[in-house]
Amino acid sequence: MHGAGNDYVYVNCFDEQPPADITATAIAMSDRHKGIGADGLILICPSEQADARMRMFNADGSESEMCGNGIRCVAKYVYDHGICSQENLKIETGNGVLDLQLEVSGSIAHRVRVNMGRPILKSSDIPTSLAGDPPVNVPLHVAGRDLMVTCVSMGNPHCITFIDELSDEWVYGVGPEIENHPAFPNRVNAEFIQVVSPTEINMRVWERGSGETQACGTGACASLVAGVLAGLTERRVLCHLLGGDLELEWSETDEVFMTGEAVEVFHGKWPVG
């Protein structure tokens with residue numbers, strides 16, 4: 001399935017056991033030449049406190065706390081495949097239990113609105129050693145450049161750079177260096193944002209553990225928060241990503257909402273053992 005082109009392989013762990021070696025399985029499945037090809041692997045598991053639990057693994061096998069595009073697809077799968085019949089769902093993640101509202105047509109969920117919760121703004125919780133709670137427009141020397149960056153966590157860490165024009169040089173030349181910069185002890189996702197207007201942005205992202213992806217839901221939400229904190233955007237924004245658009249809102253109650261598509265592409269069997 002994919003949300004705005006951010007594609008993952010999903011395993012229904014209500015019906016079968018998780019892979020014995022999840023890291024190796026995520027790496028093998030995600031390989032776009034010798035595997036299925038994906039940005040990573042997501043397990044849809046039973047939960048004692050929600051309708052389902054999501055576990056998300058990057059293409060390099062590392063586990064992440066949260067995936068905004070992935071959780072929309074988890075909600076779609078849970079509804080479309082009869083695990084839960086209600087259109088309002090709760091999904092457990094590494095960043096707590098999140099509420100989701102499905103837009104359903106013909107018994108199929110097509111779009112999902114997610115309450116992504118409150119952004120994490122304390123630098124030690126993001127985590128980053130950069131100054132500020134959160135760091136807003138602070139200097140970061142990386143890849144031979146002096147950047148001004150803003151850092152936010154949406155359950156996983158993000159470093160946002162506002163630039164005049166998006167390019168491969170930023171994403172592939174600077175993105176990996178930001179991901180592995182010592183200012184980020186758990187590594188970090190790197191977002192590059194071009195502000196079109198106070199209500200519209202273009203975004204490309206270098207994701208921690210996966211490289212460039214077509215979209216990043218938590219990164220889009222973090223970029224909205226960063227845009228507001230930096231005085232560049234309003235609290236409601238349309239975000240254009242390589243794989244599609246996301247509608248974002250940072251509400252007056254401090255919660256961030258994201259709405260976007262969720263698409264099932266195909267299903268199949270993966271040999272085990």
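**Stop 1: the largest pocket**

The lining of the largest pocket is made up of 17 nonpolar, eight polar and six charged residues. Keep in mind as you explore that this is a predicted model. To find the pocket in your viewer, select Val 9, Tyr 10, Val 11, Met 29 and Gly 268, which lie nearest its centre among the 31 lining residues. Two elements, β3 and α1 (22-30), give two or more residues each to this lining. Colour β3 next: with four residues, β3 gives the most to the lining of the largest pocket. How much volume does the largest pocket have? Its volume is about 810 Å³.

**Stop 2: Asn 12, in strand β3**

Stay with β3, which covers residues 9-12, and select Asn 12 in this strand. Does Asn 12 count as buried or exposed? Asn 12 counts as buried, because its relative accessibility is 10% and the cut-off for buried is under 20%. Now show the side chain of Asn 12 and look for the backbone nitrogen of Phe 14: the side chain reaches that nitrogen at 2.9 Å. Then display Ile 44, Tyr 77 and Ile 83, which are in contact with Asn 12 once its neighbours within four places in sequence are set aside.

**Stop 3: two cysteines from the record**

Select Cys 67 and Cys 216 together. An unreviewed UniProt entry lists these two residues under "active site". Although they are spread over 150 residues of sequence, they cluster in space, with a largest C-alpha distance of 7.4 Å. Both Cys 67 and Cys 216 also belong to the lining of the largest cavity, which you will visit shortly.

Take Cys 67 by itself for a moment. You will find Cys 67 in the loop between β6 (63-64) and α2 (68-80). Cys 67 counts as buried because its relative accessibility is 4%. Leaving out neighbours within four places in sequence, show the residues in contact with Cys 67: Asn 6, Tyr 8, Met 54, Met 56 and Thr 218.

Now move to Cys 216, in the loop between β15 (211-213) and α4 (217-229). With a relative accessibility of 3%, Cys 216 counts as buried. Which residues is Cys 216 in contact with, leaving aside its neighbours within four places in sequence? They are Asn 6, Asn 69, His 158, Glu 191, Met 203, Val 205, Glu 207 and Leu 241. Keep Asn 6 on display: Asn 6 is in contact with Cys 67 and also with Cys 216.

**Stop 4: the largest cavity**

Rolling a probe the size of a water molecule over the atoms shows where empty space is left. How many cavities of 30 Å³ or more does a search of the whole structure find? The search finds one. About 70 Å³ of space lies in this largest cavity. To centre your view there, select Met 56, Met 66, Asn 156, Glu 207 and Thr 218, which lie nearest the cavity's centre among its 16 lining residues. Some of these names are already familiar: Met 56 and Thr 218 are in contact with Cys 67, and Glu 207 is in contact with Cys 216. Next, colour β5 (52-58), α2 and α4, each of which supplies at least two residues of the cavity's lining. The lining of the largest cavity divides into five nonpolar, nine polar and two charged residues.

**Stop 5: the loop between β9 and β10**

Jump to the loop between β9 (108-115) and β10 (138-142), where Pro 127 sits. Zoom in on the peptide bond from Ile 126 to Pro 127: this bond is cis, with omega near -10 degrees. Follow the loop between β9 and β10 along to Pro 134. Here the peptide bond from Asp 133 to Pro 134 is cis, with omega near 5 degrees.

Asn 137 is another residue to select in the loop between β9 and β10. What is phi of Asn 137 near? Phi is near 55 degrees, a positive value in a residue other than glycine. Asn 137 counts as partly exposed because its relative accessibility is 39%.

**Stop 6: Asp 254**

Finish in the loop between β17 (244-250) and β18 (256-261), where you can select Asp 254. Asp 254 has a positive phi of about 80 degrees, although it is not a glycine. At 25% relative accessibility, Asp 254 counts as partly exposed.

Technical notes: Residues are numbered from 1 along each chain as its sequence is written. Side-chain values use heavy atoms; hydrogens and water are left out. Buried means under 20% relative accessible area, exposed over 50%, partly exposed in between (1.4 Å probe, protein chains only). A polar contact is a pair of N or O atoms within 3.5 Å; within protein, one must be able to donate a hydrogen and the other to accept it, and residues adjacent in sequence count only if both atoms are side-chain atoms. Contact means heavy atoms within 4.5 Å. UniProt positions are given in the numbering used here, feature names are shortened, and annotations may be inferred rather than shown by experiment. On a 1 Å grid over the protein atoms alone, a cavity is a set of points where a 1.4 Å probe fits but cannot get out, and a pocket is an open set with protein on both sides within 12 Å along at least five of seven lines; lining residues have an atom within 4 Å of a point. Grid points are joined across faces, edges and corners, and a volume is the space filled by probe spheres set on the points. Ala, Val, Leu, Ile, Met, Phe, Trp, Tyr, Cys and Pro count as nonpolar, Asp, Glu, Lys and Arg as charged, and the others, Gly among them, as polar.
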